[in-house]
Amino acid sequence: MNAALAARHVDICLLPEMDIDLQKVLAHTVTLMERVGHAVIVVAEGCGDTIIQSSGAMDAGGNKVLADVGSWLKDQIVAHF
């Protein structure tokens with residue numbers, strides 16, 4: 001999050017520790033697109049287990065395999081427009 005804030009290019013930063021309302025994210029994305037024509041969205045990998053549910057599978061190292069939240073969010077945004 002600190003890198004996203006320091007860069008000053010990020011419009012929306014989603015972290016798994018946040019209570020994320022997808023409808024609010026989509027509405028803000030629409031506002032950004034209308035106002036500036038683009039939106040830079042950073043979504044943490046951990047949101048692949050909070051915004052959407054992962055399969056619960058484990059990788060070879062015993063770490064939880066998270067759902068691909070980036071692709072999922074892109075699809076949600078495209079569908080919203």
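**Burial and helix packing in a predicted α-β-α-β-α model**

At 2% relative accessibility, T29 counts as buried (under 20% relative accessible area, with exposed meaning over 50% and partly exposed in between; 1.4 Å probe, protein chains only). This residue is found in helix α2, where helices (H or I, at least four residues) and strands (E, at least two) are DSSP runs numbered from the N terminus. Leaving aside its neighbours within four places in sequence, T29 is in contact (heavy atoms within 4.5 Å) with I12, A39, I41, I77 and F81.

The structure is a predicted model, in which local features need pLDDT of at least 70, side-chain atom pairs count only at pLDDT 80 or more, and totals for chains, interfaces and linings use all residues. Residues are numbered from 1 along each chain as its sequence is written, and side-chain values use heavy atoms, with hydrogens and water left out. The average pLDDT (the predictor's confidence in each residue, from 0 to 100) of the protein is 84, and 90% of the residues score at least 70. Among the elements, the lowest mean pLDDT, 65, belongs to helix α1 (residues 2-7), whereas helix α2 (residues 22-36) has the highest, 93.

The protein contains three helices and two strands, which follow the pattern α-β-α-β-α along the sequence. The C-alpha trace spans about 45 × 30 × 20 Å along its principal axes. Of the 81 residues, 21% are buried. The protein exposes about 5,500 Å² (Shrake-Rupley method with a 1.4 Å probe), and carbon and sulfur atoms supply 54% of this area. Among contacts between residues at least 6 apart in sequence, 49% join residues at least 24 apart.

Helix α2 was examined for length and for the placement of its buried residues. Its 15 residues should span 21 Å at 1.5 Å a residue (1.5 Å times one less than the number of residues), and its end C-alpha atoms, 21 Å apart, agree with that value. The buried residues of α2 are L22, V25, L26, T29, V30 and L32. They cover an arc (of the directions from the helix axis to the C-beta atoms) of only 165 degrees, which puts them on the same side of α2. On the other side of α2, Q23, K24, E34 and R35 are exposed. The cover over the buried residues of α2 includes β1, β2 and α3. Contacts of L26, with neighbours within four places in sequence left aside, are made to Q76, I77 and H80.

A corresponding description applies to helix α3 (residues 69-80). For its 12 residues, the expected span at 1.5 Å a residue is 16 Å, and the end C-alpha atoms are 16 Å apart, which agrees. V69, L73 and I77 are the buried residues of α3. Seen down the axis of α3, these residues fall within an arc of 70 degrees, so they line one face of the helix. An α-helix has 3.6 residues a turn, so residues three or four places apart point the same way. On the other side of α3, K74, V78 and A79 are exposed. What covers the buried residues of α3 includes β1 (12-14), α2 and β2 (41-43). W72, also found in α3, counts as partly exposed at 24% relative accessibility. Leaving aside neighbours within four places in sequence, W72 is in contact with L22, I51 and I52. W72 and T31 lie 41 residues apart in sequence and 20 Å apart in space, C-alpha to C-alpha.

The largest nonpolar core (a set of buried Ala, Val, Leu, Ile, Met, Phe, Trp, Tyr and Cys residues joined through side-chain atoms within 4.5 Å) has 11 residues: I12, L14, L22, V25, L26, L32, C47, I52, V69, L73 and I77. At least two residues of this core are supplied by each of β1, α2 and α3. The largest share, four residues, comes from α2. In soluble globular proteins, nonpolar side chains tend to be buried together.

V40 is found in the loop between α2 and β2 and is partly exposed, with a relative accessible area of 32%. With neighbours within four places in sequence left aside, V40 is in contact with H9, V10, D11 and I12. V40 and S71 are separated by 31 residues in sequence and by 14 Å in space, C-alpha to C-alpha.
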